[in-house]
Amino acid sequence: MSSAKTTHNLHQSVLVIGSGAAGLVTAQTLITDGFTNVHIFSKDSHPGGVWEHNKVYSGVFINNLYGDYRFSSMEMPRHPSRDPKNNRLSAEDMQFYFEKFTETYLRDRISYETEVLNIRRPQPPFDSDPPNWIVKYRKKGSKGTREMGFHRIILCTGGCHKPRIPSAFSPSAVKASGFLGPVIHSSEFRAKLDTIFAAVQPSDHHLVVIGGGKSAQDIAGFLANEGHHRNVCMIYEKTDAFVASTTQLSSRIRRSRILGVLSPHSELRTPLERFLHKTWLGSRTVRGIFDMASSYSFKSFQIPPDSPLRLSQEPFWSLRVNDEVCRRGNSFHVLVNEGKIHIEAPAKAVEFGEDGRSIVLNDGRVIRADAIVLATGYESSWTDLFDVQTINQVGLGKYPPQYVSLDAYDQEWKGYMSLKNPPPAPAVNQQWMSCIYRGIVPARSILKRDLAINGAVFSTNNGYVFETTAHWISSYFLEDSFLQLPAGIKEAVQSTERTSAWLRRRYPDMLHWTNESHSSDIQFWSWPQYTDDLLRDMGLRHGKARTGGNALTWLFKPIEVEVIKDLTKERAALRMQSA
């Protein structure tokens with residue numbers, strides 16, 4: 001690519017939507033690469049996304065150790081109130097880190113409290129240099145709306161912004177039923193704590209949390225630990241799986257390739273992977289390790305055989321696996337064992353009771369409820385940004401296969417013995433996936449180079465994945481000749497259809513739970529293979545050539561984020577070679 005073309009691309013306007021982890025590292029990467037006109041719009045009033053200042057409450061720990069979730073350009077500073085003996089990574093740590101990261105690299109770059117209302121293609125007549133996108137937005141506290149044109153847009157809105165509210169507990173259902181207490185979604189919990197506490201202040205009042213995921217566990221645990229209320233009840237059909245031990249696991253397991261190799265991947269590139277997933281002995285070893293980890297986790301938390309906590313997903317097949325690191329005296333599972341959190345499971349809340357202070361379960365039982373928290377997940381955040389026509393034009397929805405049949409790839413993966421005896425799958429139309437190449441670019445728009453996504457690939461190492469993705473996006477926008485892309489739209493779509501077929505095979509009962517902006521691709525345990533693919537696309541060192549180790553040690557070599565700190569320089573060198 002010519003230097004003139006590079007210069008032209010660097011001066012074109014770019015809008016990053018979202019100031020969570022993906023948005024921050026994407027904007028920083030573009031600016032470091034030399035993009036001169038980068039804007040960030042954020043609906044929030046502070047950086048951090050799900051760990052934004054107004055969403056974080058004490059006692060919430062995420063599935064990482066302290067220092068694991070960060071970017072290569074900045075170490076994680078210690079939060080002033082952090083207990084130095086606690087190695088768990090808290091939501092408050094993440095909030096503190098992203099605020100420091102923004103202050104260091106993105107000061108005055110973010111337009112806070114700026115809600116994007118609509119994104120569309122411009123209509124004629126066009127000026128001499130028309131933008132590719134028109135963005136309609138509203139600033140908090142201002143009257144009316146504004147519009148602004150951009151050449152390129154990066155969606156970093158994530159999948160945890162638009163609450164999924166069951167129709168039986170929607171605002172209209174609350175009003176029609178005459179329910180007397182507050183009904184809030186888990187996304188509002190921090191903002192409406194006072195309302196919750198007021199509703200359950202009397203000692204005989206009950207708080208009900210609907211859902212079995214991590215948000216539900218965090219909220220129930222917070223209330224029990226804080227001593228604000230003891231009558232806390234959770235209702236779920238299944239809860240998240242978890243892994244834990246009596247002591248902290250080594251980084252040789254937590255941050256290495258071992259879990260990625262034990263989890264089947266669509267491409268088995270090493271003899272070890274082929275042995276583990278295509279032979280009887282290897283598959284028995286893989287499934288045995290996952291079963292043993294689950295069994296040991298239950299044992300480490302002393303969870304009885306008849307406990308509703310055992311109504312969880314199988315870790316091997318699940319996307320909902322929490323890392324509890326090691327047993328803690330005030331954790332959710334311990335609180336349930338001690339009777340401080342009551343569980344109704346397997347059960348489903350189906351409607352409000354007639355007395356205005358209860359809910360009815362699917363088996364007809366009535367449960368007292370003076371306040372309700374809906375930890376029921378999220379919908380795609382993209383549907384609020386684009387109209388249906390633009391979504392389909394760009395290719396941001398979920399679609400049935402266009403070029404191949406649903407069973408076209410069955411033969412390719414038929415030999416995966418580790419995938420024998422899967423859990424039952426829902427209807428096929430509930431398993432369609434978004435048509436996003438590499439989880440980054442809508443396949444239908446891949447030749448336009450004016451829209452990309454970061455933060456929608458579901459993995460267990462977000463910091464490493466988001467940063468690598470940011471470099472891929474920068475090269476995509478710069479039209480770097482060394483970036484390997486499909487030759488055309490058909491090839492890109494076929495690639496995404498193959499990925500979708502693989503995900504239906506790998507996670508048969510999980511895809512109905514995902515949404516497009518949260519899981520444009522799923523690389524849960526296999527993030528090392530995924531980031532290797534991105535590095536390979538960019539013509540950069542990948543695999544053990546980058547992360548280190550030899551034929552004997554590569555599998556257990558911890559993958560440190562520092563190994564990607566020079567990607568900007570490495571890509572610049574390739575750009576010079578191809579000029």
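## Two closed spaces inside

Let's start inside this predicted model, where 13 residues line the largest cavity, and Y399, P400, P401, C435 and E497 are the ones nearest its centre. What volume does the largest cavity have? It comes to about 110 Å³. Sort its lining by class and you get six nonpolar, four polar and three charged residues. If you wonder how anyone finds a hole like this, rolling a probe the size of a water molecule over the atoms shows where empty space is left.

How many cavities of 30 Å³ or more are there? The count is two. The second largest has about 60 Å³ of space and a lining of twelve residues. Nearest to its centre are I436, T496, T499, S520 and D521. Which element gives the most to this lining? That's α15, with four residues. Both α15 (489–506) and β22 (436–437) supply at least two residues each. By class, the lining of the second largest cavity splits into four nonpolar, six polar and two charged residues.

## A helix with a buried side

Now go to helix α1, which covers residues 3–11. Which of its residues are buried? They are T6, N9 and L10. These three span an arc of only 100° around the axis, so they sit on the same side of α1.

What do the buried residues of α1 pack against? Their partners are α2 (21–33), β9 (152–155), α14 (462–478) and α18 (567–578). Keep β9 in mind, as this strand turns up again in the next section.

## Strands side by side

Strands of a sheet pair through backbone hydrogen bonds, either parallel or antiparallel. This model gives you an example of each. For the parallel case, look at an open sheet of five strands in the order β5-β2-β1-β9-β24. Which strands are at its edges? They are β5 (110–111) and β24 (451–453), and each of them pairs on one side only. Between β9 and β24 there are three bridges, in the parallel sense. To spot this on screen, find I153, which stands opposite L451 in β24.

For the antiparallel case, try strand β3, residues 61–65. Two bridges join β3 to β4 (residues 88–90), and the two strands run antiparallel. One partnership to look for is L65 with R88 in β4. Is β3 mostly covered or mostly open? Mostly covered, with four of its five residues buried.

## Odd spots in the backbone

Some backbone angles are worth a stop. A345 and P346 are joined by a cis peptide bond, with omega at about -5°. You'll find P346 in the loop between β16 (342–344) and β17 (349–352).

Next, check phi at N421: the value is near 55°, which is positive in a residue other than glycine. R449 also has a positive phi, about 55°, and it isn't a glycine either. Where are these residues? N421 is in the loop between α13 (410–413) and β22, while R449 is in the loop between β23 (441–442) and β24. Is each one buried or exposed? N421 has a relative accessible area of 68%, so it counts as exposed, the cut-off being over 50%. R449 has 18%, so it counts as buried, which means under 20%.

## Two residues and their contacts

Finally, take a look at W513, in the loop between α15 and β26 (521–523). Its relative accessibility is 27%, so W513 falls in the partly exposed class. Which residues does W513 touch, leaving aside neighbours within four places in sequence? They are R164, L319, R320, F458 and H518. You can also try a distance: the C-alpha atoms of W513 and E467 are 26 Å apart, and these two residues are separated by 46 residues along the chain.

Then there's Q529, in helix α16 (residues 527–537). With 10% relative accessibility, Q529 counts as buried. Again leaving aside neighbours within four places in sequence, its contacts are G260, V261, H265 and E273.

Definitions and conventions: Residues are numbered from 1 along each chain as its sequence is written. This is a predicted model: local features need pLDDT of at least 70, side-chain atom pairs count only at pLDDT 80 or more; totals for chains, interfaces and linings use all residues. Side-chain values use heavy atoms; hydrogens and water are left out. Buried means under 20% relative accessible area, exposed over 50%, partly exposed in between (1.4 Å probe, protein chains only). The arc is that of the directions from the helix axis to the C-beta atoms. Contact means heavy atoms within 4.5 Å. On a 1 Å grid over the protein atoms alone, a cavity is a set of points where a 1.4 Å probe fits but cannot get out, and a pocket is an open set with protein on both sides within 12 Å along at least five of seven lines; lining residues have an atom within 4 Å of a point. Grid points are joined across faces, edges and corners, and a volume is the space filled by probe spheres set on the points. Ala, Val, Leu, Ile, Met, Phe, Trp, Tyr, Cys and Pro count as nonpolar, Asp, Glu, Lys and Arg as charged, and the others, Gly among them, as polar. Two strands pair if DSSP finds at least two bridges between them.
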